[in-house]
Amino acid sequence: MAGKAEEAGRFEEYLELLGEAIGHADRVGPLRAYLTGLLLAGERKSVEPMAAKIDPRHVSMRHQSMHHFVANAPWEENAVIAVAREYALAQLERHGPVAAWVVDDSGFPKKGTHSVGVARQYCGPMGKQDNCQVAVTLSLVNPSMSVPCAYRLYLSESWAEDRGRRRAAAIPDEISFQTKPELALAQIDHLLADDLPRAPVVADAGYGSATEFRQGLTARGLSYAVGIMRETTVWPQGYTPRPPPRSGSRGRPATRLRRDPDHRPVSVRVLAPRLERSSWQTVRWREGTRGAMQSRFALTRVRPAHRDHLRLMPHEPEFLLIEWPQGEPEPTRYWLSTLPPGTALAELVRLAKIRWRIERDFQELKDEIGLDHYEGRGWRGFHHHGALCIAAYAFLAAERARLSPPAPLAFLRAARLPKGFLPRGAARAS
C-alpha cells in the first residue's frame, strides 16, 4: 500500500508541474483526465473511449471537456514537453549521463486526406510510401533509458503552400515549409538554448545523408554518428582532392579544388570491399531478447567529398563506420562520425546502434499510450495530443527507472462501468 500511495503522490506532484505549464486552473481537470486515460489499459486512446473509462456515467460531458482541452485550448505544447523532459531526465541521469541526442521521425498511417499534414510519403510502420502523417522527434538517450523531448509535424510543400488546407487545419501563419533535417536542427537549437547536457547526435540516413544537416551539427559544436546512403562519396584515407592549379601569367588565379578522371572520390559502397580483411571485426553492442546483438564492422578515416570541387579547402577527415554482417553479399549500413580520433570501434558501434532505444519508445508510445490514436484533424490538436502522450510516457519511464524490475502503475484504476454500459460505437450483441 505504501508503494501505491507514494506513486500516487508523485503523480499528483507531476500533475501540479504540468498544470503550471498549461497555465490555467480550469485546464487541470481535463489534464488529469487525459493523462489518466492515456496511462490506463485500453485498446483505443482517442477522446471518447478515454472519457468512458474516466467517467462512464457522464461520458458526453467528459468527452466535450477533454476534446476542447486537446483540440482547442490555447496552451503551449512545448512547455508541457519541457516539464516532462526534466522530470524524466532526473531519473535517466541516475543511471548514467546522457549518451546521445537521437533524431528520428515517426509515421502515422491515415486513410483520409483531410487530417493535417497527411500526404503520400515514406511511412516507417508500413515500410513504404503511403498516406500518412510524419512527426520529427528528438530524444535524450543513455543505455538504460530515453526521454522524448521534441515533437513536430512535418508539412510537405503541397500542404505548406495550400491556403485552403492550412486554414481548415488552423496551421499558424508563421509555420512554413521546412525539410525534416531543418526541423531537426531547429529542435536541436531549442535544446541548446535550454542548456541541456550535450552529447553526440545520432540519426539514420534520412538525416545523415543531408550534408547541410551534418554541417549544421558541426557549426553548433556537436559531434555526430549518422547514417548515410551507400552512394555517398568520400576520399579514402590518404587521398584528397587536387589543389587548384598554379596560376599562369594572365587571368585570375584558380582557387577551387579539382578532380579529374584519374583522381576522383568513390562511393562508400565501392570503398568497403577494398578494405583489408583485418579491418573487419565482430562487435557485440547489447543483449537483446533473443541473445547477443552483434555483427561485423570496419572503421576507417575518410574525407566527405560532397561538392568539394566548389570548395577552397577539403572537408575535414571523419570516421566511416561500415556494417557487413557475415553471409551478406555486401555491407548493409554505413555511418559518418565526427567523434574524436582514437575512438574505439566498439564505442562507435554502441553509439550508432543506440537508436534501438527510441524505436522501442515510440512503439510503446503507440501501442500502450495511444500516440497514433488521435482522430482530430487540426494542427493544435495533433501537437497537444503528442505532447500529452509524451508527458504520460515520461512519468511511466521515470517510475520504471525507480524500480528494478519496473512495476505497472498500480494506483490507476478505471472507473466501474454501470451495468449494461456500452460506449458509443461499441459492438452490440445481435
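**Exercise 1. Which residues line the largest cavity?**

Before starting, note that this is a predicted model, where local features need pLDDT of at least 70, side-chain atom pairs count only at pLDDT 80 or more, and totals for chains, interfaces and linings use all residues. Residues are numbered from 1 along each chain as its sequence is written, and side-chain values use heavy atoms, with hydrogens and water left out.

Step 1. On a 1 Å grid over the protein atoms alone, a cavity is a set of points where a 1.4 Å probe fits but cannot get out; a pocket is an open set with protein on both sides within 12 Å along at least five of seven lines; lining residues have an atom within 4 Å of a point.

Step 2. Searching the whole structure gives one cavity of 30 Å³ or more. The largest cavity holds about 70 Å³ of space (the space filled by probe spheres set on the points, which are joined across faces, edges and corners).

Step 3. Its lining is made of F108, K110, Q133, Y151, L371, D372, Y374, G376, F382 and H385.

Step 4. Sort them: Ala, Val, Leu, Ile, Met, Phe, Trp, Tyr, Cys and Pro count as nonpolar, Asp, Glu, Lys and Arg as charged, and the others, Gly among them, as polar. You should get five nonpolar, three polar and two charged residues.

**Exercise 2. Describe the largest pocket.**

Step 1. The largest pocket has about 630 Å³ of space.

Step 2. Of the 27 residues lining the largest pocket, E76, E77, N78, Y151 and R152 lie nearest its centre.

Step 3. Two or more lining residues come from each of α5, β4 (145-153), α8 (180-193) and α14 (helices, H or I, of at least four residues and strands, E, of at least two are DSSP runs, numbered from the N terminus).

Step 4. By class, the pocket lining has 14 nonpolar, six polar and seven charged residues.

**Exercise 3. How do α5 and α14 pack?**

Step 1. Helix α5 (residues 77-92) and helix α14 (residues 379-402) have axes 9 Å apart, at an angle of about 10° (axes are lines fitted to C-alpha atoms, for helices over the stretch in contact, and angles run from 0 to 180 degrees between N-to-C directions).

Step 2. This makes α5 roughly parallel to α14 (under 35 degrees; over 145 is roughly antiparallel, 65 to 115 roughly perpendicular and the rest oblique).

Step 3. The α5 side of the contact (heavy atoms within 4.5 Å) includes V80 and I81, and the α14 side includes A387 and I390.

Step 4. Together, the contact residues divide into twelve nonpolar, three polar and three charged.
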